[in-house]
Amino acid sequence: MVKRLVVGAHYGIKDWLIQRITAAYMALYTVIFAFAALTLPAMTYEHWQALFSGRLMQFLTFLFFASLCYHAWIGVRDIWMDYIKPLGIRIALHVATALVLIGYLAWVARVLWRL
């Protein structure tokens, strides 16, 4: 009997679990956000600004976008690993994807907290 040395990805259970957790949070946030938006007195800039002026809503929204970015990172990273075979191109795509997602998250933080 030959023993197989397993290294690295842990067969993907961690990534699978993280994607399910982030998806569940995003679904919950969507329900909360829909309720909050539908209970606004009017769909004006002032009411939207008031909705996001509370620290709790800012935090929940930032957590939504952080979850979205992490969820997207796992999915896109797996696509690059499955379909892009040349290592140099794959690493370049990983770096580009990570930088874009980090940029998006920084942009969300700037919008939410006016940094």
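**Exercise 1. The overall layout**

How many helices and how many strands are there in the chain?

*Solution.* Keep in mind that you're looking at a predicted model. Start by counting: the chain has four helices and zero strands. Next, walk along the sequence, and you get the pattern α-α-α-α. Finally, look at burial: 23% of the chain's 115 residues count as buried.

**Exercise 2. Two packed helices**

Work out whether α3 and α4 are roughly parallel or roughly antiparallel.

*Solution.* Let's see what we need. Two packed helices are described by the angle between their axes and the distance between the axes. Here, helix α3 covers residues 55-83, and its angle with α4 is about 170°. The two axes lie 10 Å apart. Now use the cut-off: angles over 145 degrees count as roughly antiparallel. That angle therefore makes α3 roughly antiparallel to α4. What sort of residues make up the contact of α3 with α4? Sorted by class, you'll find 18 nonpolar, four polar and three charged residues there.

**Exercise 3. Buried or partly exposed?**

Take S67 and L105, and decide for each whether it counts as buried or partly exposed.

*Solution.* First, find them: S67 sits in helix α3, while L105 belongs to helix α4. Then grab the cut-off: buried means under 20% relative accessible area, and exposed means over 50%. S67 has 9% relative accessibility, so S67 counts as buried. L105 comes in at 21%, so L105 counts as partly exposed.

Now try some distances. The C-alpha atoms of L105 and S67 are 10.0 Å apart, with the two residues 38 residues apart along the chain. For S67 and A24, which are 43 residues apart along the chain, the C-alpha separation is 9.7 Å.

**Exercise 4. The nonpolar core**

Find which helix gives the most to the largest nonpolar core.

*Solution.* List the members first: Y25, M26, Y29, A36, L40, L51, M57, L60 and F64, nine residues in total. Next, match them to helices: α1 (13-38) and α3 each supply at least two residues of this core. The top contributor is α1, with four residues.

**Exercise 5. The largest pocket**

Describe the largest pocket: what is its volume, and which residues line it?

*Solution.* Begin with the volume, which is about 240 Å³. The lining is made up of Y45, W48, Q49, F52, S53, Q58, V111, L112, W113 and R114. Which helices each supply at least two of these lining residues? They are α2 (45-51) and α4 (87-113). To finish, sort the lining by class: six residues are nonpolar, three are polar and one is charged.

Conventions:
Residues are numbered from 1 along each chain as its sequence is written. This is a predicted model: local features need pLDDT of at least 70, side-chain atom pairs count only at pLDDT 80 or more; totals for chains, interfaces and linings use all residues. Side-chain values use heavy atoms; hydrogens and water are left out. On a 1 Å grid over the protein atoms alone, a cavity is a set of points where a 1.4 Å probe fits but cannot get out, and a pocket is an open set with protein on both sides within 12 Å along at least five of seven lines; lining residues have an atom within 4 Å of a point. Grid points are joined across faces, edges and corners, and a volume is the space filled by probe spheres set on the points. Ala, Val, Leu, Ile, Met, Phe, Trp, Tyr, Cys and Pro count as nonpolar, Asp, Glu, Lys and Arg as charged, and the others, Gly among them, as polar. Axes are lines fitted to C-alpha atoms, for helices over the stretch in contact, and angles run from 0 to 180 degrees between N-to-C directions. Angles under 35 degrees count as roughly parallel, over 145 as roughly antiparallel, 65 to 115 as roughly perpendicular and the rest as oblique. A nonpolar core is a set of buried Ala, Val, Leu, Ile, Met, Phe, Trp, Tyr and Cys residues joined through side-chain atoms within 4.5 Å. Buried means under 20% relative accessible area, exposed over 50%, partly exposed in between (1.4 Å probe, protein chains only).
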